[in-house]
Amino acid sequence: MSRDLTGKRAILTGASGGIGRATAEALVKAGARLALASRNAEALNALADTLRAAGGDVLVVPTDVTNPADRLRLVETAADRFGGLDVLVNNAGVGSWGHFSTSTPEILRRVMEVNFFGPVELTRVAMPHLTRGNEPAVVNVTSMCGRKGMPAWPEYSASKFALVGMAEAWRGEFARFDVDVVTVVPGMTDSGFRENWLRAEGKADLKFEDGMTPADVAAGIVAALKSNRREVVLGREAKRLLRFNRFFPRLTNWLIARKVRKLYGR
Ligand SMILES: NC(=O)c1ccc[n+]([C@@H]2O[C@H](COP(=O)([O-])OP(=O)(O)OC[C@H]3O[C@@H](n4cnc5c(N)ncnc54)[C@H](OP(=O)(O)O)[C@@H]3O)[C@@H](O)[C@H]2O)c1
């Protein structure tokens, strides 16, 4: 199936910056009508002005995805304004970099709230509209950490694994309603991600500046939605790591453990 995004009525979370902002631009360029959601109303309004100047039909709904009332308001406002809903892109997310042994229960809960419960409960609220939509789809922006748990990303890996798992179950269930489920698995991207981490205490030399641009990821998201892919891995190093892990899981784990010992000692 090939999905034409012209006139599609969509919600995008995490639209204020990074991958979300670039995805908003790409979706509008592809012809979608878009509700922009995140907590930063000022950034969303500035983006909306730019998109409208380019001919986009966009709407700003300041939203904290961890807040049930905000989630409901987002879906109802978008569905009212557009007369329905066809696409939900769950992109909002937060990272936390550091080992589990020095982390806190609060960090674990926060990461799960933003990266797992937020998108999942937003999807629950959106489903009654999506089931009546035109070629409807839910897109979840997960991470390569959702396909391979990475040291110093324990909470983040768990949250993204959970989202990948939920999406896999949904795919079968939502087939009853003809609602497609697209899982996007990006690798390192040079966005504002690291400025928003809950903590930055890891030791590896992460080179986000050598990763993809947000526009690269946005192009991948839109292409996956258009071609209705079940799952796409984006980025060279994510593809390489996940492929290597698939064929040589023991060696991958050994190499990772060796690196951790070298960086952290015993
Ligand atoms: N950058 C990477 O290397 C990378 C790699 C793989 C996957 N990802 C995933 O890609 C997605 C986008 O990340 P990014 O790289 O663009 O990072 P980013 O620049 O930090 O953007 C994160 C977005 O999420 C929003 N957000 C955070 N908490 C929120 C909340 N409680 N409610 C609503 N919105 C919230 C932020 O907006 P406000 O602050 O305005 O709320 C912002 O728009 C995330 O799911 C991330 O896990 C990123």
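In this predicted model, the loop between α4 (105–130) and β5 (137–141) holds E135. The backbone of E135 is a good place to pause, for its phi is positive, at about 50°, although E135 is not a glycine. Most residues other than glycine have a negative phi. E135 counts as partly exposed, because it has 17 C-beta neighbours inside 10 Å. A second loop, between α5 (154–174) and β6 (180–186), contains D178. Here too phi is positive in a residue other than glycine, with a value near 60°. D178 has 12 C-beta neighbours inside 10 Å and therefore counts as exposed.

Both loops lead on to the sheet. Seven strands make up an open sheet with parallel pairing, in the order β3-β2-β1-β4-β5-β6-β7. The edges are taken by β3 (58–60) and β7 (231–234); each has a single partner strand, so one side of each is left without a neighbour in the sheet. From one strand to the next, the twist averages 15°. The parallel strands β5 and β6 are joined by five bridges, and N140 stands opposite T183 in β6. Packing on the sheet, α5 touches β5 and β6, and its direction makes about 160° with that of β6. Helix α7 (residues 236–247) also packs on the sheet, where it touches β6 and β7 and makes about 115° with the direction of β7.

Turning to the ligand, 31 residues surround it, and G14, G18, R39, N40 and G93 come nearest. This shell comprises 11 nonpolar, 18 polar and two charged residues. Helix α1 (residues 18–29) gives the most to the shell, contributing three residues.

Technical notes
Residues are numbered from 1 along each chain as its sequence is written. This is a predicted model: local features need pLDDT of at least 70, side-chain atom pairs count only at pLDDT 80 or more; totals for chains, interfaces and linings use all residues. A residue is near a molecule or strand if its C-beta atom, placed from the backbone, lies within 6 Å of it. Helices (H or I, at least four residues) and strands (E, at least two) are DSSP runs, numbered from the N terminus. Ala, Val, Leu, Ile, Met, Phe, Trp, Tyr, Cys and Pro count as nonpolar, Asp, Glu, Lys and Arg as charged, and the others, Gly among them, as polar. A residue is buried if 20 or more other C-beta atoms lie within 10 Å of its own, exposed if 12 or fewer, and partly exposed in between; C-beta atoms are placed from the backbone. Two strands pair if DSSP finds at least two bridges between them. Axes are lines fitted to C-alpha atoms, for helices over the stretch in contact, and angles run from 0 to 180 degrees between N-to-C directions. Two residues are in contact if their C-beta atoms, placed from the backbone, lie within 7 Å.
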